[in-house]
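Q: Let's go through the labels people hang on a model like this one and see what each of them rests on. Show me the thing, and then I'll start asking.

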Amino acid sequence: MTPAADVQTTNAPDANASVANVSDSSAPDATAPAVPDGTAPVSTGPTATAPPVPGSTAPVSNGPTATAPADAPVGEAAPPVTESLPGEPASAADLASCPRGDAAWVAALRHASRTNSFEELLSRAKVLAAAHPDRWEPRWLTAECFYRTGRVPDAARVGAEALELASTQQDPVGIALSAYRCGWLAFRAGELGAGARHYGVALEAAETTGRKELLAQIQSGLAGLLVEMGRYGEAHRLMERSAATLKELGLAPFARRTELNRAVILMLLGDALSAHRVLEDVYHESEASGDSFVLSRAALTLGNLQRRLGKEREALEWYARVPAEDAELASLASLSRGLISTRLGNYGEAESHFDQAARDASPVDRLLIEAHRAEIDIARGQARSALSRLGKVISRAGTMHAENVGWIARWLAGRAWLSEGHWEKAAGVLEDAVAILEGQSTELDPMEEGLRFLRERSDVYSDLAAARCGAGVNNAADPRAQEALDAVEATHARALRQMLSAGGPRSGEASAESPHPGETSAESPHAGTASAEGPRSGAAGAENLHSGETSAESPHAGTASAEGPRSGAAGAERPYPGEASAVSPHAGKASAEGPRSGAAGAESPHPGEASAENPRLGVASVQVLQEGLAEGELLVDFAIGRERGVVVAIRRDAFAARQIAGWDELAEPLRRYRSALIRPLRSAEARLDPELDLARSIDEGWRLSHELLDPLRPILAEATRLYVVPDRELALLPFAALPWDRASVEGKDGVRFLGELLETAVMPLAGRPAHAPSQQGGVLLAGDPLEGPTAALPRLPLAGYEIESLERIWGHPRATLLRGPALHLDRLRRELAGVGTLHLATHAEASTSDPARCAVFLSGGEALGLDAIRRLPLERALVVLSACNSGRGELVPGEGVIGLSWAFLEAGAETVAVSLWQVEDRSAAELMIAFHRFLAAGDDPLRAMSRARRERARVRRHPAFWAPFVMISKPR
């Protein structure tokens, strides 16, 4: 098993991330619940350009595969629906008297399961139903027997009759059981709207029974359906509550099934680390208990996990453990194998796997398979064939309320148009895809469950930016200039954008007026549950909405209607895609050429733009950004997908937007050049002659410089300061270290680096630079901590020298020294009053897989973690983290690097200096001394760091010794 710390995911949507019912089957084993308890198949994301993300649980459907793999199923994982679980009789109870309640009838079902006597029980149930036409119990039993003997249409018909009788008698148990079965059957038939309504009825009835096991079962089932509708936040909360209840009741097998499904949802939320932890526990528990049912589904899910990590061989080994006799699981494994083949370019083999998968696939998964086939058409240059296929998929997905399939198919249609250079057609359909994703994320707290939502979905945004950019934009007055900027910025720092906005609770935060989806309030005691019309919204108020509806009180944008998924903007006036309105007369209409754009008019904001419907902090306009830039300042904003990227450059008097290479071309040179930058610090051989060592890899640097910046050379020519908004791994590259031109250096032919010509800084999102004045307020120099309790935190030999040297630069009383035993959190907080600069020369940890492990360490190993950092009084301060790797963290598409710098910006810091690799003590200390010398002389922080870099570069030319520290500037 892959260690949890190594679980990292790439940034392409996964076409096959689906939640399937784990415990419901037509022939349940003797221990399976009498009434299926679970969810529904979850679809997987695109793979044509989406990389793999760790897998799910039960049968999961698959989305685009150009780069996105399929997930495992989220399945029925609830307990037996019976009034009395303990001491259940070994044989079927006497049903002749037609007893009331479900206990005897469930016992009969369980007996039939153990003895494989469903046909005999069905005959008895039919006789009892005819003898007692006013009772729901015998009809419910008849429907269950039909279902378990594979006669699904009969099960649906008789189940509806049982529901009608139970409703007439106002029997909540009968309503819950019958509506649950009707919801499950509708769900499996791909009728998600009808399924949602039935599940809503079942959930509301179950809440009145006091039956925890019944409620948990229905919550689990509803969660699976909500996943298919793209309502991941609600789904996860329901599944989490279901699992907790099952554990509380001691129903371990069903708790494992629910946890397995919860892992799928975590994966769909982009939280690979948490999903991996859950899966690891489930797998080991199932193995230890001999639970083959869950074990085989966990194997499928773990295979999907490995596939999403790009570890195809390991994934195939897991798929080999999926039993061939389980048709549904075998179908999903075939689908996943097909995704691997597609990713490797083995299209004939992929089609064979898809053919095999389609034989036993659910209706939703069949649509996903068609989308994957279209992906192969695109790869073969058959764009028109792909568009024809995708038009049908989009139309059918809208009818089925299958939002996951809907956005994936639209994304692939956009890629097809891009491949032919039809920019406007591509932009229209990609806007539809983005609108669906924006709607799905509306209910997610961007600081919590929604933090990693774009991890698998960001390529659609970069593709939209490419469509808006087209062959290039050269004029800020061109309407496409703002559209390109909006699309690029929609991929950046969503949570940080929310965090930096002024006032008001952050999106998704609970308050008296707007409880967190799924939470309760005085006005809405069942928020997040479902009503007779469908799952309830998380908003307060007495109005229960149909599944897929929105209102001013309940902005669950992104759910679907019979016509198709909704657009991303919440609000009572927003039409369903597929509905015409004054705002969007062609919303969601699909055709053989591709679906129409759903965004039109002033009421429909650009992706990422703030509005009454979209509370996220908006993207600044090109004009505002130009006005906020000083003479000579240039803002460069990147959005990079797997196949293509976009760079937007804004200067006070100029604008440019260009398509550039994607990660397929950039990833390897970036890895190699960054390795060359660090090598003298790790290799004794490289350290002997660092410049000669760098010369061997400088071509990789030139390639990066060419791909990233050459399109902007004309606009860069007059720049003196460069602000970079990076994307993905670009956040780990110091742009100052990029080779820029060849020149004579100390009488020798050599390379001049960008940092020798321009002042450089990083911004997490596009905004007006803060233009911090020269240093204001006091200077707190904190460092030279006492050793920690373990050898991992030894005394830093040059930290004392560094802060003492800085104290001499600033002098008394301006500088305060905090070191040794005095370096602890309480004292640090007290000393920060009135401080304009905080310099920390200490140990730091910046975990690349788990932000919770990020910390700055004080004396004795006291950890200053992200939560503690966020509470520091650092308004408008300069923070310098003179420590190794302080700029590292978890790379999250849609957020950037989540780590120490993120927390210091949240605390109010205006500029944060961090290191991108493990620095050499001596060179780092000398760089910091030069930096503070220029700072004390009146330079602003960016100019001071730039001058310090240039000074040190004259001493040691290799960037390893002067380029590791980057300045991160908070935008206004």
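A: One ground rule before the strands: two of them pair if DSSP finds at least two bridges between them. And keep in mind that this is a predicted model.

Q: What makes β19 and β20 a pair, then?
A: Count the bridges: four of them join β19 (residues 889-892) to β20 (residues 896-899). The cut-off is at least two, so the two strands count as paired. They run antiparallel, and within the pairing L891 has V897 of β20 as its bridge partner.

Q: Which residue takes a positive phi in the hairpin of β19 and β20?
A: That's G894, with a phi near 95°, in a hairpin that has three residues between the strands.

Q: What makes β16 and β17 a pair?
A: Three bridges join β16 (residues 855-857) to β17. With at least two needed, they pair, and the strands run antiparallel. One spot to click on is A855, which stands opposite G865 in β17.

Q: And what makes β15 and β17 edge strands?
A: β15 (843-845) and β17 (863-865) each pair on one side only. The sheet is an open one of three strands, in the order β15-β16-β17 with antiparallel pairing. From one strand to the next, the twist averages 20°.

Q: On to helices. What do you need to describe two packed ones?
A: The angle between their axes and the distance between the axes.

Q: What are those values for α18 and α19?
A: α18 (residues 423-442) packs on α19 (residues 459-469) at about 150°, and the axes are 9 Å apart.

Q: Why is α18 called roughly antiparallel to α19?
A: The bar for roughly antiparallel is over 145 degrees. About 150° clears it, so the label for α18 and α19 is roughly antiparallel. The crossing of α18 past α19 is left-handed.

Q: Which residues make that contact between α18 and α19?
A: On the α18 side you have W423, E424, A426, A427, L430, E431, A433, V434, L437 and E438. They meet V460, Y461, D463, L464, A466, A467 and R468 of α19. Sorted by class, that is twelve nonpolar, no polar and five charged residues.

Q: How do you know that α10 is roughly antiparallel to α11?
A: Same test again: α10 (residues 272-289) and α11 (residues 292-308) pack at about 150°, with 9 Å between their axes. Over 145 degrees is what the label asks for, so α10 is roughly antiparallel to α11. Their crossing is left-handed.

Q: What's in the contact of α10 with α11?
A: α10 puts in H276, L279, V282, Y283, S286 and E287, and α11 puts in V294, L295, A298, T301, L302 and L305. The class tally is eight nonpolar, three polar and one charged.

Q: Let's do burial. Why is D784 called buried?
A: Buried means under 20% relative accessible area. D784 comes in at 4%, so it counts as buried. You'll find D784 in the loop between β12 (778-783) and α28, with a positive phi of about 55° although it is not a glycine.

Q: Why is N885 called partly exposed?
A: Partly exposed sits between the 20% and 50% cut-offs, and N885 has 22%, so that's its class. N885 lies in the loop between β18 (878-881) and β19. Its phi is also positive, about 55°, and it is not a glycine either.

Q: What makes those phi values worth a remark?
A: Most residues other than glycine have a negative phi.

Q: Why does E665 count as partly exposed?
A: Its relative accessibility is 39%, which falls between 20% and 50%, so E665 is partly exposed. E665 is found in α23 (residues 663-678). Setting aside neighbours within four places in sequence, its contacts are R703 and E707. The C-alpha atoms of E665 and R644 are 9.0 Å apart, with their positions 21 residues apart along the chain.

Q: How do you know that the bond between H812 and P813 is cis?
A: Omega tells you: about 0° for the peptide bond joining H812 and P813. P813 is in the loop between α28 (799-810) and β13 (815-819).

Q: Zooming out, how many of the chain's residues are buried, as a percentage?
A: 64% of the 972 residues. The chain has 33 helices and 22 strands.

Definitions and conventions. Residues are numbered from 1 along each chain as its sequence is written. This is a predicted model: local features need pLDDT of at least 70, side-chain atom pairs count only at pLDDT 80 or more; totals for chains, interfaces and linings use all residues. Side-chain values use heavy atoms; hydrogens and water are left out. Axes are lines fitted to C-alpha atoms, for helices over the stretch in contact, and angles run from 0 to 180 degrees between N-to-C directions. Helices (H or I, at least four residues) and strands (E, at least two) are DSSP runs, numbered from the N terminus. Angles under 35 degrees count as roughly parallel, over 145 as roughly antiparallel, 65 to 115 as roughly perpendicular and the rest as oblique. A crossing is left-handed if the near helix is turned anticlockwise from the far one by less than a right angle, and right-handed if clockwise. Contact means heavy atoms within 4.5 Å. Ala, Val, Leu, Ile, Met, Phe, Trp, Tyr, Cys and Pro count as nonpolar, Asp, Glu, Lys and Arg as charged, and the others, Gly among them, as polar. Buried means under 20% relative accessible area, exposed over 50%, partly exposed in between (1.4 Å probe, protein chains only).
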